[in-house]
Amino acid sequence: MSHFASVEMAPGDPILGLTEAYLADPRPHKVNLGVGIYVDEQGRIPLLKAVRQVEQALAAEGKPRGYLPIDGLPAYDALTQQLLFGADSPLLAAGRVATAQTIGGSGALRVGADLLKKVLPQARVAISSPSWENHRVVFGHASFEVVDYRYYDPATHGLDFAGMLEDLGRLEPGTVVLLHACCHNPTGVDLDAQQWQQVVELVKARDLLPFIDIAYQGFDEGIDADATAIRLFAAAGLPAFVVASSYSKSFSLYGERVGALSMVGADRDEAARLRAKMKQTIRANYSSPATHGGALVAGVLGSAELRAMWESELAEMRERIHAMRAGLVEKLAAHGAPQFGFIQQQAGMFSYSGLSRAQADRLRDEYGIYALSTGRICVAALNRGNLETVAAAVAAVSR
Ligand code: PMP
């Protein structure tokens with residue numbers, strides 16, 4: 001009898017299952033809106049020019065591949081802090097932020113969750129309803145009790161702000177509140193600066209611990225505007241908060257696993273202790289992060305010329321997403337479905353389209369268009385070549 005005989009089959013990832021079905025579909029006009037990746041007009045994952053330049057220089061140098069420090073490349077960590085908190089951040093000047101390069105944004109969440117479980121074992125974690133499914137998985141895996149706060153309002157396809165405030169206001173002091181800084185996954189529904197300010201005040205008054213996840217910085221309005229939540233929490237004088245960040249999308253470096261965990265402490269001394277704790281937690285998880293992706297990001301951000309090039313490539317991605325949102329709304333209206341205007345108010349790669357599971361099934365079965373059963377579509381998978389097909393089909397199943 002095998003030692004593993006009692007192992008049960010774990011459920012598969014529904015998004016990967018959808019991609020498999022898409023790949024097996026022989027229809028030529030099929031479109032996969034289920035993915036979580038930015039693709040360009042040609043449907044390809046871009047390799048950014050700025051990244052390629054650093055890569056070529058690295059290849060020419062032929063450097064040996066030793067281990068990175070446990071908390072990653074020092075330049076990567078410093079440049080990441082500046083991007084998140086702003087180069088002139090008083091928190092950075094005061095030495096209150098400890099940042100470690102991690103294995104993607106997922107690694108940052110995981111290390112953050114494990115660390116928090118050690119230092120705040122009784123805390124609960126509150127996530128938005130709905131949220132990126134891995135939030136629940138990662139914090140659940142770290143043995144946290146995960147609760148929901150209201151967020152998305154299906155009636156308006158926008159934010160249930162009153163519900164959100166009410167639910168956050170009921171949380172026990174010390175509860176960890178997971179917040180999406182921008183480009184909310186899966187809904188595309190974000191807070192504006194005024195709403196963020198109200199959340200900041202509530203979080204401060206109730207002594208909650210914000211854990212901000214920023215995986216799409218630069219995909220909505222720009223690098224600084226998309227970090228509004230971080231900047232407002234920093235300015236509010238909170239003694240402590242946490243940021244998990246990812247460069248997967250903003251650098252189009254998905255498989256290079258580039259992310260960071262930043263922990264803000266009350267003072268320099270607390271930040272130093274947090275850094276030591278982060279290193280201890282990373283050591284127990286995967287020892288040290290990956291060299292190549294870190295070198296690419298640090299190489300781009302550390303050069304004024306390449307950074308400017310990256311910023312314009314990032315702007316191109318952002319503007320293409322905006323154009324696709326506007327194009328989809330316009331074409332849907334032309335096909336007799338004017339009720340989708342809200343798609344233009346949503347931000348980032350994703351949109352909760354409001355399509356029901358039955359409508360998503362029809363889209364797939366009758367039109368070869370693959371959306372998640374929740375109605376989430378990836379707007380970044382649209383292009384001028386498939387926009388018309390998608391709009392006509394969505395309008396048809398919405399009748
Ligand atoms: N947070 C959110 C909200 C995400 O959507 C993602 C990526 N899908 C991540 C974190 C993790 O990013 P990474 O791929 O860098 O692990």
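Strand 3 and strand 7, residues 176-180, run parallel and are joined by 2 bridges. One of the pairings is easy to find: Val125 has Val176 in strand 7 as its bridge partner. Keep in mind that this is a predicted model.

Now the other partner of strand 3. Strand 4, residues 146-150, also runs parallel to strand 3, with 5 bridges between them. If you want a residue to look at, take Ser128, whose bridge partner in strand 4 is Tyr149. The connection goes through helix 6, residues 133-141, and strand 3, helix 6 and strand 4 together form a right-handed β-α-β unit.

Is strand 3 enclosed or open? Strand 3 covers residues 125-129, and 4 of those 5 residues are buried, so the strand is largely enclosed by the rest of the structure.

Back to strand 7, and to Val177. Beyond its neighbours within four places in sequence, Val177 contacts Ala126, Leu168, Leu171, Val203, Leu208, Leu209, Pro210 and Phe211. Val177 also belongs to the largest nonpolar core, which has 114 residues; Val177, Ile212, Ile230 and Met349 are the members touching the most others. Which helix gives the most to this core? That is helix 12, residues 304-334, with 7 residues.

Last, the annotation. The unreviewed UniProt entry gives residues 29-393 as "domain: Aminotransferase class I/classII large". In the model that span is 44% helix and 15% strand, and its end C-alpha atoms are 11 Å apart.

Methods:
Residues are numbered from 1 along each chain as its sequence is written. This is a predicted model: local features need pLDDT of at least 70, side-chain atom pairs count only at pLDDT 80 or more; totals for chains, interfaces and linings use all residues. A residue is buried if 20 or more other C-beta atoms lie within 10 Å of its own, exposed if 12 or fewer, and partly exposed in between; C-beta atoms are placed from the backbone. Helices (H or I, at least four residues) and strands (E, at least two) are DSSP runs, numbered from the N terminus. Two strands pair if DSSP finds at least two bridges between them. A crossover is right-handed if, with the strands pointing away from the viewer, the path from the first strand over the helix to the second runs clockwise. A nonpolar core is a set of buried Ala, Val, Leu, Ile, Met, Phe, Trp, Tyr and Cys residues joined through C-beta atoms within 7 Å. Two residues are in contact if their C-beta atoms, placed from the backbone, lie within 7 Å. UniProt positions are given in the numbering used here, feature names are shortened, and annotations may be inferred rather than shown by experiment.
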